[in-house]
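User: I have a structure open and would like to learn how to read its features one at a time. Could you walk me through it?

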Amino acid sequence: MKHTTSQRRESWFHTLRQHVRARPLAAIALAVSLLTIVALLAQSLVQVLSDEARAIMLLALMGGTVGFAATALGALPGLALRHIPQRLEDAMLGMAAGMMLSASAFSLILPGIEAGKPIMGSKLGGAGLVVLGMALGVLLMIGLEEFTPHQHQSAGAFGVGYERYSKVWLFVFAIALHNLPEGMAIGVGFSQGDMKVALPLMLAIALQDLPEGLAVAIALRSAGVSSWKAVLLAAATGLLEPVGALLGVGLSSGFAAAYPIGLGLSAGAMIFVVSHEVIPETHRNGHQTPATVGLMIGFALMMVLDTTLG
C-alpha cells in the first residue's frame, strides 16, 4: 500500500512537472500571484492577533457563510426539478454575471480608488494600486485555471491530473473555483470594518449565488446524479466562499496599501471569471439576447443596491 501511494505521488509530481513545462507562463502567473498573496498574509499576522481584527475576521467568516448558504438555498429546488429551459438558465446565469460585474465596479474598484487616493497622494495613484491588484487577481485565476483539475461543459477538461477524476467531480471543482474570488471579495470588503462597502457586496454575491446554485444542481441532475447528491454537491461548491472570505480579510488587513490592492485583486479575479467562464457559457446555446438582458438587469439591480446601501 505504501509503495502504491508513493508511486501515485511520484506520478502526480511527474504530471505536474510536464504541465509546468508545457505552460510556463501560466506557472509563472500562479507562482507570482501566490507568493504575493502569501506576503500580504504574512504582513497582516500581527494585526490578526488583536481583538478588533478577530472581530472583523468573524464578520468576514459570517459574510462568506451567507454566500455558502445562498448557494445551498439556490440548489434546493434541484430536489424537485430535473431540468429548466436552457433559455431561462442562460438568462439566470447572465443576471448573476451582471451582478458580479457591477459588484466589481461599484463595491470593489471605486472604493479601492478612493482608499488608495490618500495613500498615493492622487486619484491616479490610487487607481494604480487597484490596477496592480487587478493584475494579481487575473494572474491568480489564469494559474488556477491551468493547474486545478476541472471541466467546462463546452471546452472539456483542464488541469493537472484531470483524468483521475470523474466528469461530475471535475464540474464541481470548476464551480468551486469560481466561488473562491467571490469569497475573497466578501473578506476584503469586511477587512476595514466599512459596512457601506461590505454589506452591499455580500448581498450582491449572495443574490447571484441563488441562480448559480440552482444551475449547478440542475446540471448535475442532467448528468445522471441523484437528486439529493446533486443538491449536496451544488451546495458544497459554496464552501470555498467562507474560506475565501478569511483569505481576503487576511491579505488586506496589514499595511495601508494592502486594502486597495486587495479590492483590486478580488475585482480582477471576479471579472476574469465572468469574461472567461460565465458569459461564454451563457452564449454557447444561441441565447445571447436573453443572457445579455439578464446581465443588464443584474448589473442595474446591483448598482441600485450599492447606491441604496452604500
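Analyst: Happily! Let's begin with a ruler for helices: the expected span of a helix is 1.5 Å times one less than its number of residues. Keep in mind that this is a predicted model.

User: How does that ruler work out for helix 10, and what span should its 12 residues have?

Analyst: Helix 10 covers residues 240–251, and at 1.5 Å a residue it should span 16 Å. The C-alpha atoms at its ends are 16 Å apart, which agrees with the expected value.

User: Which residues of helix 10 are buried?

Analyst: Burial is read from relative accessible area, with under 20% counting as buried. In helix 10 the buried residues are Glu 241, Pro 242, Gly 244, Ala 245, Gly 248, Val 249, Gly 250 and Leu 251.

User: Which residues does Leu 41 touch?

Analyst: Leu 41 sits in helix 2, residues 24–43. Not counting residues up to four places away in sequence, Leu 41 touches Leu 247, Gly 250 and Leu 251. Gly 250 and Leu 251 also appear among the buried residues of helix 10. Take Gly 250: 209 residues separate it from Leu 41 in sequence, yet their C-alpha atoms are 5.4 Å apart in space. Leu 41 itself counts as partly exposed because its relative accessibility is 26%.

User: Helix 2 also holds Ser 33. Is Ser 33 buried or exposed?

Analyst: Ser 33 is buried, since its relative accessibility is 1%. Leaving out residues up to four places away in sequence, Ser 33 touches Leu 136, Leu 139 and Leu 140. There is a C-alpha distance to go with that: Ser 33 and Met 141 are 108 residues apart along the chain and separated by 9.0 Å.

User: Let me step back to the fold. How many helices and strands does the protein chain have?

Analyst: The protein chain has 12 helices and 2 strands. Along the sequence, the pattern reads α-α-α-α-α-α-β-β-α-α-α-α-α-α. Of the 310 residues in the chain, 50% are buried.

User: What share of the contacts joins residues 24 or more positions apart?

Analyst: Among contacts with a separation of 6 or more, 81% are between residues 24 or more positions apart. Ala 235 gives you one case to look at. Ala 235 lies in helix 9, residues 227–236, and at 11% relative accessibility it counts as buried. Beyond its neighbours within four places in sequence, Ala 235 is in contact with Phe 68, Thr 71, Ala 72 and Ala 75. Its C-alpha is also 8.6 Å from that of Ala 70, 165 residues away in sequence.

User: How do helix 5 and helix 12 pack?

Analyst: For a pair of helices, look at the angle and the distance of the axes. Helix 5 and helix 12 pack at an angle of about 35°, and their axes are 6 Å apart. Their crossing is right-handed. By class, the contact of helix 5 with helix 12 has 15 nonpolar, 6 polar and 3 charged residues.

User: How many aromatic pairs are there, and how should I read one?

Analyst: A pair of aromatic rings is described by the distance of the centres and the angle of the planes. The structure holds 1 aromatic pair. Phe 106 and Phe 299 form that pair, at 5.8 Å centre to centre and with 65° between the planes, so it counts as edge-to-face, where the cut-off is over 60 degrees. Phe 106 lies in helix 5 and Phe 299 in helix 12 (residues 288–309), so the pair ties together parts that are 193 residues apart in sequence. Phe 106 is partly exposed at 23% relative accessible area, and Phe 299 is partly exposed at 25%.

User: Which residues is Ser 102 in contact with?

Analyst: Ser 102 is in helix 5, residues 86–120. Setting aside neighbours within four places in sequence, Ser 102 is in contact with Ser 107, Phe 299, Met 302 and Met 303. Ser 102 counts as buried because its relative accessibility is 0%.

User: And what does Met 100 touch?

Analyst: Met 100, also found in helix 5, touches Glu 182, Gln 208, Met 270, Val 273 and Val 274, not counting residues up to four places away in sequence. Met 100 is buried at 2% relative accessibility. Its C-alpha lies 8.2 Å from that of Gly 298, with their places 198 residues apart in sequence.

Terms used. Residues numbered from 1 in each chain as written. Predicted model: local features only at pLDDT ≥ 70, side-chain atom pairs only at ≥ 80, totals over all residues. Heavy atoms only, no water. Helix = DSSP H or I, 4+ residues; strand = E, 2+ residues; numbered from the N terminus. Buried < 20%, exposed > 50% of the residue type's maximum accessible area, 1.4 Å probe, protein only. Contact = heavy atoms within 4.5 Å. Phe/Tyr/Trp six-rings, centres within 6.5 Å; stacked < 30°, edge-to-face > 60°. Axes fitted to C-alpha atoms, helices over the stretch in contact; angles between N-to-C directions. Left-handed = near helix turned anticlockwise from the far one by under 90°. Nonpolar A, V, L, I, M, F, W, Y, C, P; charged D, E, K, R; others polar.
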